[in-house]
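Let us walk through this structure by way of its pockets and the ligand, taking each in turn and asking which parts of the chain contribute to it.

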Amino acid sequence: MDQASINALRALDVTPRGHFINGAFCAGETGAQHQVLSPIDGLPLAQIAEGSPADVDTAVRAARVAFEDGRWSRMAPAARKKVLLKLGDLIEAHALEIAVLGVRDNGTEINMAYKAEALSAVATFRYYAEAIDKVYGQIAPTSQDVLGLVHHAPVGVVGAIVPWNFPLMIGSWKIAPALAAGNSVVLKPAESASLSLLKIAELAAEAGVPDGVFNVVTGRGAVVGEALALSMDVDIMVFTGSGATGRRLLENSARSNLKRCYLELGGKSPNIIFADAPDLAEAAKISAAGIFRNSGQVCVAGSRLLVQQEIFEDFVAEITLHADGFRVGDPLDLKSQIGAVHSLPELEANLDFVTQAEAEGAERRTGGTRILTETGGYYMAPTVMTGVKQSDNLFQNEVFGPVLAVTPFKNEDEAIRLANATEYGLAAGVWTANLSRAHRMVAGIRAGVVHVNTYGGADLTVPLGGVGQSGNGHDKSLHALDKYFDLKTAWIKI
Ligand code: ADP
C-alpha cells in the first residue's frame, strides 16, 4: 500500500450499477436513487439505488428458489469451500481498491480500513471456507434398535443488515459463515456505505457463487430493512446496528414469521485502569487508540475510562496528550491516524453529547469541536471529558464518536459496580499486573469480551457478541456457524 496507488484509486468512478439480485445488477422496481456524500469533503460521491419492498421480494424469491433447488445448499461442502476460497483470493487481489472504495463512503482512515476491512474480509472468507468441510453431525447414544442422527441443515434464506462502520468486516462476518453453511443471503448494507459490499457481490459471482445465492438490495432502513424483517420467507435475520433498530427487527419478526433475530447492538464499554497496571504509559497509548481510532466509530470502543483514584490526574494527563497527538485528516492520506466522522448528522450528534455533558457538570479536557472545516469534510477533535457521573448521559449512552468519558474509582468492587452500571455489555478492558484480580474482573464484568492489559485487536478465532442490551448471538469463530444451521434429527428404527 503506497500513497500513489491510493491517489490513483481516489479518482476512480464509483457509480454503482444498482442492486445485485439473482446474479446481476439491476436498477430495481422504481429506478429511484439517493445521493451519497463523501465524509472526506462533503461532496456528492455516488448515486445508490433506492430499493423498494418489491425489490426485497424479488431478491428473497431468488434466494429461496436458489436454496430450494440445491444449486448451493446441496453442493458438497468441499465444493462450496473451493468457491469461497476463490472469493477470498479475488478480494485479496482487489484489496486496495475495495479498501479505498469503502473509505470514500464511510471515512475510516485507510491505514485501518485496509487491514480491518479488506484484509479482514479475505481472512473471514478463508476461515469459514476452511471450516465448512470439518463440521460433523452426531450419532445419538440411543439403544441398539434405533439410530438417532443429528444433522446440521442450512436454515434457508438469511437476511443480513449491516451498519456503515466497517461494513465489509461486519458484512463478511455474516455472509461468509452463512454462505459456507449452504444458505442463501439477502444483504442490506447501510444506505450511506454500500459500495464495498456491492463490489463483493460482483466478486462472489466471479468466484462461482451461483445466481440467487448472494443478493444485495441497497436503500433505506425504513424501507428495505423493514421489508426484509417483515418478509415471510426470510428464515433468520442477522444484524449489527443500533438498539432502536434491533428492537424494531424483533417487532417485525413477531409481526411476520417469527424469524430468529441475532443482534449486535453496540456498547458503552468500560476500560479500567488500576494503579498496579504493568505499564501505565502503554495503557494510556493503547486506551487512546481504543477509543479514538476511526473517530470512535467502533462498536467495541473503550468509551468509558475508569481510572483508579491514586493515578487519576497523571493518567488523564497522559491520555489527553495522546488525544492531542493524533493526526486527524483526510482518511486517504497514509499519514492520517484518524479519518472522518461518517456524516454531518453523526458529527452534530457527537458535539451535542459534549455540550450536554458540560451542562451536566463534566469538564472538557481537550477536543469537543469540529475541525478541518475548510475541507468540507466531517472531522472531530479527539475529546476527553472528566467528572462524568454514573447518572450522566455521557456515562450511560453510546456516542459512537471520538468522545472519552472518564470517571474515577477507589477499589476493585467499585470498578466492577461502575463497569456494570449501564444497559450494555459488549466489551471491556482491565489493566492490572495482579493475575488474580484480572481473573476476578473477567468473571465480574458483564460483557461479551474482556481485554486484559490490552484493548481491542481480537482475531477471528474468538467469538464477538454482547450481553444485556448489547444484543445476542456471536460473530466470528466456529461458534458463529451455529446460527446458520438448524439441528435436524433423524430417528431411524432398525
Ligand atoms: P446506526 O446508528 O449504526 O446507523 P442503525 O440501526 O440506524 O444504526 O443502522 C444499521 C442498519 O440498520 C443500516 O443498514 C440501516 O439502514 C438499517 N436500519 C435502520 N432502520 C431500520 C429498520 N427500521 N428496519 C431494518 N433495518 C433498519
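Helices, like strands, are taken here as DSSP runs, with a helix needing at least four residues, and they are numbered from the N terminus. With that naming in hand, and bearing in mind that this is a predicted model, we can begin with the largest pocket, where the largest share of the lining, seven residues, comes from α5.

The largest pocket has a volume of about 880 Å³, and among the 32 residues that line it, A116, M169, G456, G457 and A458 are the closest to its centre. Besides α5 (110-132), the elements that each supply at least two residues of this lining are α6 (167-180), α10 (280-292) and β20 (449-452). Sorted by class, the lining of the largest pocket holds 19 nonpolar, nine polar and four charged residues.

Where, then, does the ligand sit? The ligand is found in the second largest pocket, whose volume is about 750 Å³. This second largest pocket is lined by 38 residues, and those nearest its centre are P163, F239, G241, S242 and T245. Its lining draws at least two residues from each of α8, β10 and α9, with α9 giving the most, namely seven residues. By class, the lining of the second largest pocket divides into 16 nonpolar, 13 polar and nine charged residues.

From the pocket we can turn to the shell of residues around the ligand itself. This shell comprises 18 residues, of which V162, E191, E226, S242 and T245 come nearest to the ligand; S242 and T245 also belong to the group nearest the centre of the second largest pocket. In terms of class, the shell contains eight nonpolar, six polar and four charged residues.

Which atoms of T245, K188 and V162 lie by oxygen atoms of the ligand? In T245, a polar side-chain atom lies 2.7 Å from an oxygen atom of the ligand, while in K188 an N or O atom of the side chain is 2.9 Å from a ligand oxygen atom. V162 contributes through its backbone, with an N or O atom there lying 2.8 Å from an oxygen atom of the ligand. Taken alone, the ligand exposes 550 Å², and the protein buries 79% of that. The elements that give two or more residues to the shell around the ligand are α8 (221-230), β10 (236-240) and α9 (243-255), and α8, β10 and α9 likewise each supply at least two residues to the lining of the second largest pocket.

Notes: Residues are numbered from 1 along each chain as its sequence is written. This is a predicted model: local features need pLDDT of at least 70, side-chain atom pairs count only at pLDDT 80 or more; totals for chains, interfaces and linings use all residues. Side-chain values use heavy atoms; hydrogens and water are left out. A residue is near a molecule or strand if one of its heavy atoms lies within 4 Å of it. A polar contact is a pair of N or O atoms within 3.5 Å; within protein, one must be able to donate a hydrogen and the other to accept it, and residues adjacent in sequence count only if both atoms are side-chain atoms. Accessible areas come from the Shrake-Rupley method with a 1.4 Å probe; for residues, only the protein chains shown count as cover. On a 1 Å grid over the protein atoms alone, a cavity is a set of points where a 1.4 Å probe fits but cannot get out, and a pocket is an open set with protein on both sides within 12 Å along at least five of seven lines; lining residues have an atom within 4 Å of a point. A molecule sits in a cavity or pocket if more than half of its atoms lie within 2 Å of its grid points. Ala, Val, Leu, Ile, Met, Phe, Trp, Tyr, Cys and Pro count as nonpolar, Asp, Glu, Lys and Arg as charged, and the others, Gly among them, as polar. Grid points are joined across faces, edges and corners, and a volume is the space filled by probe spheres set on the points.
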